[in-house]
Amino acid sequence: MVTIKDVAEKAGVSTSAVSAVLGNRAKVIALSEATRNRIHEAANQLGYRRNAFAAQSRSGKSRILAYIGTDFSQEYNFRILSAALETAQEYGYSIKVFSVNFDRNSHKYNLIKQLNLALEFRPAGILIAGTFSCADTSAVNQYASDCSVPVFFLGNLEPNDACVNLQFDDCNGMNQAVRYLHEVGHRRIGFLSGDLDRLYVQNRFHSFSDALKQGRLEQNPEWVWHEKDGQQSLSEFLGELLRRDNLPSAFCCDSDYNALNAIMYLLRLGKSIPEDISIIGFGDMRIATLSAVKLTTVAQHFEKMGRDSVMNIIKVIEHLAIPPKHIGIASELKIRESVKNPAKQKEN
């Protein structure tokens, strides 16, 4: 293993100088920028990473998990993390959290930067929550392999067999939603979603389209709206749609937020939910039961994602099991108040 002494010899400086620079204390001992750059260059060339837990490293046992995620202000991210923290504590582990940010200039996440920071703490395993590209996941796997640290990804990924991936079964969830609408008598079903550039939106929309085909239901592009900057807003789309004759009787949505926004706009436009138009969301956020019309939605079990990710990675760390590359978290349709049952009304 590369040590501070190795870096010091390569950079031609003292070990105290290396310690100060890599520990972000260079200004305290007034090292020049040239010296700092030389030390960083030497450390990178040797593959050195600062060990924030030297005593732990000497024992050869780490009970720290690194959790790297995006936008913890979002309910689903926080619920996954909260369950992961609780489960880790139950098994005698702790979690160090790192937040990945999106750089709007480069249009990339600073995932690798946060991964390097996480590896300084010598974690026993790494959990990465979010939607990332194949290039990102490949780079992460290479870094982790070099350090012999298991990595689990939580969320939708592009097809990649090089890593362990826990993800929600969006396909089955959307299939349940369309099948339920079909069973209760709906034949004209539309779709409302966020930007189609997002992988999870693509997955849910493709699953929606496949479910329509399986049910031999009409696929009408005029009943489909995808959010896009500079293009028609959801309120504009619904207002224009309601002026036409051939209306859908129901909408599936890619998220609870779009579903609840649709309900709000339709109510403003004089429509009743679900008497005029039925709505199904996706996610089962807590707000789904707080609206005037309680939302029928596809529930994603965020807490189970957090628990299962921790339990499975600990099994790998402690050599108890080798998990499959793909671990599915089942989705479940929660039936509430936002779907009308035309078939039942005909019977009455």
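How many bridges join β1 to β2, and do the two strands run parallel or antiparallel? Seven bridges join them, and the strands run parallel. The legends below start from this pair and move through other parts of the predicted model.

**View 1. Strands β1 and β2 pair side by side.** Y67 offers a good place to look. Its bridge partner in β2 is V97. Strands of a sheet pair through backbone hydrogen bonds, either parallel or antiparallel. For β1 and β2 the sense is parallel, over seven bridges.

**View 2. Six strands make an open sheet.** The strand order is β2-β1-β5-β6-β7-β13. The pairing is parallel. Strands β2 (94-100) and β13 form the edges, and each pairs on one side only. From one strand to the next, the twist averages 20°.

**View 3. Strand β13 lies at an edge of the sheet.** Its pairing with β7 runs parallel and counts four bridges. N165 has H326 of β13 as its bridge partner. In a regular strand the side chains alternate between the two faces of the sheet. In β13, I327 and I329 make up the covered face. H326 and G328 make up the uncovered one.

**View 4. The largest nonpolar core holds 25 residues.** L65, Y67, L154 and V310 have the most contacts inside this core. Several elements give two or more residues to the core: β1 (64-70), α5 (75-90), β5 (125-129), β6 (151-154), β7 (164-168), α12 (302-317) and β13 (326-329). Helix α12 gives the most, with six residues. Another core, of 22 residues, lies apart from this one. Among the members of that other core are L234, F237, L242 and I273.

**View 5. Y67 touches residues from several parts of the chain, leaving aside those up to four places away in sequence.** Its contacts include F72, N77, I80, L81 and A84. I95, K96, V97 and F98 are also among them. So are L127, A129 and L154. V97 has a second role here, as the bridge partner of Y67 in β2. L154 appears again among the residues with the most contacts inside the largest core.

**View 6. Helix α12 has 16 residues.** Its first and last C-alpha atoms lie 23 Å apart, close to the 22 Å expected at 1.5 Å a residue. Its buried residues are F302, M305, G306, D308, S309, V310, N312, I313, I314 and I317. V310 is also one of the residues with the most contacts inside the largest core. Just after the helix, H319 takes a positive phi of about 55°.

**View 7. Helix α8 covers residues 170-183.** How far apart are its end C-alpha atoms? They are 20 Å apart. This agrees with the expected span, because 14 residues at 1.5 Å a residue should also span 20 Å. Buried residues in α8 are D170, G173, M174, N175, Q176, A177, V178, Y180 and L181. G185 follows the helix and has a positive phi, near 115°.

**View 8. V184 sits in the loop between α8 and β8 (189-193).** Is V184 buried or exposed? V184 counts as buried, because its relative accessibility is 7%. The C-alpha atom of V184 is 5.1 Å from that of N341. Along the chain, these two residues are 157 residues apart.

**View 9. Strand β12 has a partner in β11 and another in β14.** All five residues of β12 (296-300) are buried. With β11 (residues 278-283), β12 pairs in the parallel sense over four bridges. There, I280 stands opposite T296. With β14 (residues 331-334), β12 runs antiparallel, again joined by four bridges. Here Q300 stands opposite S331.

**View 10. C252 and C253 do not form a disulfide.** A disulfide is a covalent bond between the sulfur atoms of two cysteines. Why is there no bond here? The closest cysteine sulfur to that of C252 is in C253, 7.4 Å away, so the gap is too far for a bond. The cut-off is 2.5 Å. The count of disulfides comes to zero. Both cysteines are buried: C252 has a relative accessible area of 1%, and C253 has a relative accessibility of 1%.

Note on methods:
Residues are numbered from 1 along each chain as its sequence is written. This is a predicted model: local features need pLDDT of at least 70, side-chain atom pairs count only at pLDDT 80 or more; totals for chains, interfaces and linings use all residues. Side-chain values use heavy atoms; hydrogens and water are left out. Buried means under 20% relative accessible area, exposed over 50%, partly exposed in between (1.4 Å probe, protein chains only). Two strands pair if DSSP finds at least two bridges between them. A nonpolar core is a set of buried Ala, Val, Leu, Ile, Met, Phe, Trp, Tyr and Cys residues joined through side-chain atoms within 4.5 Å. Contact means heavy atoms within 4.5 Å. Axes are lines fitted to C-alpha atoms, for helices over the stretch in contact, and angles run from 0 to 180 degrees between N-to-C directions. The expected span of a helix is 1.5 Å times one less than its number of residues.
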